[in-house]
Every structure is written in structure tokens, then in C-alpha cells.
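Good morning, and thank you for making time for this. I would like to walk you through a structure that is probably new to most of you, beginning with a helix and working outwards from there.

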Amino acid sequence: MGIVDDGDEHFAGAMDFEGFLHEQAFATMVAALELDLEGLAQNAQGVVVGVKGAVSTFQHFNGFTFHVSRFPPLLYQPAMSKRLTRHSRSAQPVSVVTGGAGFLGSHLLDLLLARGHRVIAIDNFITGSVANIDHLAGNTRFRFIQQDVTEYIFLKGPVDYVWHFASPASPVDYLEFPIQTLKVGSLGTHKALGLAKEKGARFLLASTSEIYGDPLVHPQTETYWGNVNTLGPRGCYDESKRFAEALVMAYHREHDIQTRIVRIFNTYGPRMRLHDGRVVPAFVSQALAHRPITVFGDGTQTRSFCFCSDLIEGIFGLMMGRHTEPVNIGNPHELTMLQFAEEIIRATRSRSRIVFRPLPQDDPKQRRPDITRARKWLKWEPKVPLSEGLKSTIAYFRGKLGRPRRRDRCRARLHRACRGAGHRFARRRIWW
Ligand SMILES: NC(=O)c1ccc[n+]([C@@H]2O[C@H](COP(=O)([O-])OP(=O)(O)OC[C@H]3O[C@@H](n4cnc5c(N)ncnc54)[C@H](O)[C@@H]3O)[C@@H](O)[C@H]2O)c1
């Protein structure tokens, strides 16, 4: 049986990166596509045999001997593509969102469903949460698949758009999961592109302003190549995204896939995790608890913050547009960290004071997108002012930090009352 291991054919997914037949992946593929093993073996034999230059080995699986080969994808494509395109396109566009249970991915799901798409979200919850998508349960146009996208993605039916958002994105997360971050940027992008190629879908990569590293050009235009320390602690994230961009462009040039690259600048909003280490949840949670707000360095480094709904609108516009070159999406309104901390204190009416801590390694000193392309190509501008975006974000975090749940409050009250009265029996009942 012919199986290509270079990911050019998504269907050819039963081999791992080193080129060995992966039995479990193969079984999943067979089950997912409801393939007839004998038919498949015969069909593939016809393709493989006689291919010049094919590097072939034999593998055994379930009593079958499979002829596993690397060979030019174009020779392989016609035989398999008949099977894979047997589904007719639906009237409602079908979108696949990797990283759909994350902060941005979940907002994208909401927008796509609102625009009438059928949506399949894929996530392994490494940094995402069910809470971000549980409001979609029961929606007949929504499906969720729990899967690591560095493994092969098998989907039946047509797909029109692949939105590749899976990746740890906050410094805390990618410092905790450096290898998974590199894998999802490389292998995960490879698998998501394979899916887009197989289905003839349009592909969008959620890239990042981090590819500019500690920029020597300000504000950052898409034509700037960046200043990244490959060896530093942030290198795993920055380089995984740089690799992902290169891979997307290679697929576009080699396979003529319609691709889009969005370079996302700092974005904030509801559904961010409280302790994900990004500056907005960090400052807001400190302010709400009236704890000191930690500013790194002397606070003169700058960032610009885009509200999530603005960002997602821009990304949607990019996918639906016709531009393959990367586009910066972010808010060009720039603030120093000190100004931002003061803004948060004001917005939360906090009694927090500001404390300074040493600047982490490779922390960019300035960040501001040049959004000329987005303005010109997508007719996009951020609309939500910082004060308004912060209001809903703070309300969300207030709810998360919130008052303890009613049951816990009652327990605590009873506990206190019983302890005071010396009712040991009652106290035990309360805690059980
Ligand atoms: N939020 C921002 O300010 C920002 C800025 C620049 C770029 N981005 C990019 O946008 C995307 C989403 O970021 P976010 O802020 O929503 O982060 P997030 O951590 O909230 O979401 C990422 C999601 O991807 C999932 N994921 C990670 N690895 C996976 C894997 N191997 N298989 C399946 N799922 C996997 C996580 O579980 C999570 O649900 C990322 O690609 C990130 O690099 C975000």
C-alpha cells in the first residue's frame, strides 16, 4: 500500500515523521474513512508499483502486508483523491478551527457560527478550557474533537476553511511546554496544511508579532524580518511560528493552496486565563485583589492592546480576502507598561500600588503594529477603545475571581458559627 510520509497527502497519514508505519494512526484512519482494507490495498498497489525512485519497505498490519513507499505526491494524488472528494460541497461553509477551546479560537468559533458556518473545533486542552466552548454544546452546526493536532487529522466530508490557531501562546505556557510549542508550530502546522490540501480548503495561520522578536524597526511592518534570539527561552515560540510561516508559504508555492498569514499583536478580552502570565490578566487580577501590580523593568517598554472582537473581525476579513502575504492585526495605540498599569488601577478602582521587577530575558522593548496593509487590503481598523474593552474584560475576571460560590459561602458561615458554638457534630456534617 502506498503511503506518503511527507504530509503532502493528508490521507497518507499512517506514518510518523521518521517514516515508520504507525499502527494506531493507521487503524484510526481506516476507521475514520470507513475504508475497505482489501480494496485499499489493491488500489494503492496499482499506484505504487513501478513508481520510479520510490523508496519502498514492507510493513505488516492485521495480517496484511503493506507496501509503504515515498513517491512523488502528484502520482499518488489522483488515485486517492477520488475517494476523498466524493462528498459534495454543502451550502453552509465548513470551517475547521484548531485550538478552538483557547481564548482566541473560541471567539473565532462564535463569529463563524454567527456567520452561518458549520464548525469543527479541534483541541487537546493543553492550555484551552471546556469552559470556553461549553455554551456551544447542543448547537447542531458545531462539533468538537479532542485531539493533538501534531497527530494526523482525519475528517470525513468537505472542509472549506482551516483556521490553525493551536499553540500555547502566553510566555508562561510556552516556557512550561517548549517542546509541545515547537511541535505544534511545526508538526501541527504540517498536519493542518495537509488537511487543507486534501480538502482543497483555504488555510489561515495564526502567527504572531513575536516573529519580529525584539524589533529594531518601529512600528513593525510586515516587510521587517525580525530580530529573534533562537537560543533564548522565548525562541521555542518565536521560531515555531517562523517555521510555520515558512511552511505555509512552501505549501502555497508548491501546492498552490490558498493560504493566509495573520500576525497577531497583543490581544485581550474575556476568556483569557487569569494566571496565563500575560500582562492583561496579570495586572487585572492583581488590581482586583488590591495586591501590588508588578511592572517589569522600569515600565517604559511599550505594548499595544487589541480587543478580541476587533481582532477576530480582522482575521475573518483576511481569510475571506485575496491576500497571501502576512498581515499585521493589532491596535496601533501604544502604551508604556507603566501607563497601562495606571489605566488598570483606574479602571478597577483598585488600591494597588506599582512595584518594579527585573525585566525577563529577551522581553521586547517596544511593540506596535503598522496596520497600513490591514487598512488598505481589508478596510479594517480596531474599533473598541481600551476603556471599553477593559470594562468587559474586568467584568469577566471579576466573575472568575468573584465572590466564592454560594454553597461555599454558606459552608464557611456555618463553619464559623458552629466553631463558635462548639458544635463539633454540626461542624462535621457541614464539611461532609
Ligand atoms: N492572544 C494573543 O495575544 C496572541 C498573540 C499572537 C498570536 N496569537 C496566536 O493565536 C493563537 C491562539 O492564541 P490564544 O491566545 O487563544 O492561546 P490559548 O492558549 O488560549 O489557545 C491555544 C489553544 O490551542 C490548543 N492547543 C495547543 N497545542 C495543541 C495541540 N498540539 N493540539 C491541539 N490543540 C492544541 C490549546 O489547548 C488552546 O486551547 C495561537 O496560535 C497564538 O500563537 C495569540
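Before we look at anything else, one definition: the expected span of a helix is 1.5 Å times one less than its number of residues. Please also keep in mind that what you see is a predicted model. Now take α4, which has 12 residues and should therefore span 16 Å, and whose end C-alpha atoms are 17 Å apart, in agreement with that expectation. Just after this helix, G116 takes a positive phi of about 90°.

Staying with α4, we can ask which of its residues are buried. They are F103, L104, G105, S106, H107, L108, L109 and L112, and the buried residues of this helix pack against the strands β3, β4, β6, β7 and β9 as well as against the helix α9. The helix lies across β3, β4, β5, β6 and β7, and it runs at about 170° to β4.

That brings us to the sheet, which is open and has 7 strands in the order β5-β4-β3-β6-β7-β8-β13, with parallel pairing. Its edge strands are β5 and β13, each of which pairs on one side only, and neighbouring strands are turned by 20° against each other on average, if direction is ignored. In general, the strands of a sheet pair through backbone hydrogen bonds, either parallel or antiparallel. Towards the β13 edge, 3 bridges join β8, residues 259-264, to β13, and R263 stands opposite N328 there. A second helix to notice is α6, which lies across β3, β6 and β7 and runs at about 170° to β6.

Let me turn to the ligand, which is surrounded by 30 residues, the closest being G99, G102, T127, G128 and A169. Which elements each supply at least two residues of that shell? They are α4, β4, α6 and β7, and α4, the helix we began with, gives the most, with 3 residues. Sorted by class, the shell has 14 nonpolar, 13 polar and 3 charged residues.

For the protein as a whole, there are 14 helices and 15 strands, and buried residues make up 41% of the 432 residues. Among contacts between residues at least 6 apart in sequence, 76% join residues at least 24 apart. As one pair that is separated in sequence, consider F154 and L195, which are 41 residues apart along the chain and 7.9 Å apart in space, C-alpha to C-alpha. F154 lies in the loop between β5 and β6, and it counts as buried because 20 other C-beta atoms lie within 10 Å.

Finally, some backbone details in the loops. Most residues other than glycine have a negative phi, and most peptide bonds are trans. Against that background, a cis peptide bond joins H218 and P219, with omega about -10°, and P219 is found in the loop between β7 and α7. H290, which is not a glycine, has a positive phi of about 55° and is found in the loop between α8 and β10; R349, also not a glycine, has a positive phi of about 50° and is found in the loop between α10 and β15. Are these two residues buried or exposed? H290 is partly exposed, with 14 other C-beta atoms within 10 Å, whereas R349 counts as exposed because it has 10 C-beta neighbours inside 10 Å.

Notes: Residues numbered from 1 in each chain as written. Predicted model: local features only at pLDDT ≥ 70, side-chain atom pairs only at ≥ 80, totals over all residues. Near = placed C-beta within 6 Å. Helix = DSSP H or I, 4+ residues; strand = E, 2+ residues; numbered from the N terminus. Nonpolar A, V, L, I, M, F, W, Y, C, P; charged D, E, K, R; others polar. Buried ≥ 20, exposed ≤ 12 C-beta atoms within 10 Å, placed from the backbone. Contact = placed C-beta atoms within 7 Å. Pairing = 2+ DSSP bridges. Axes fitted to C-alpha atoms, helices over the stretch in contact; angles between N-to-C directions.
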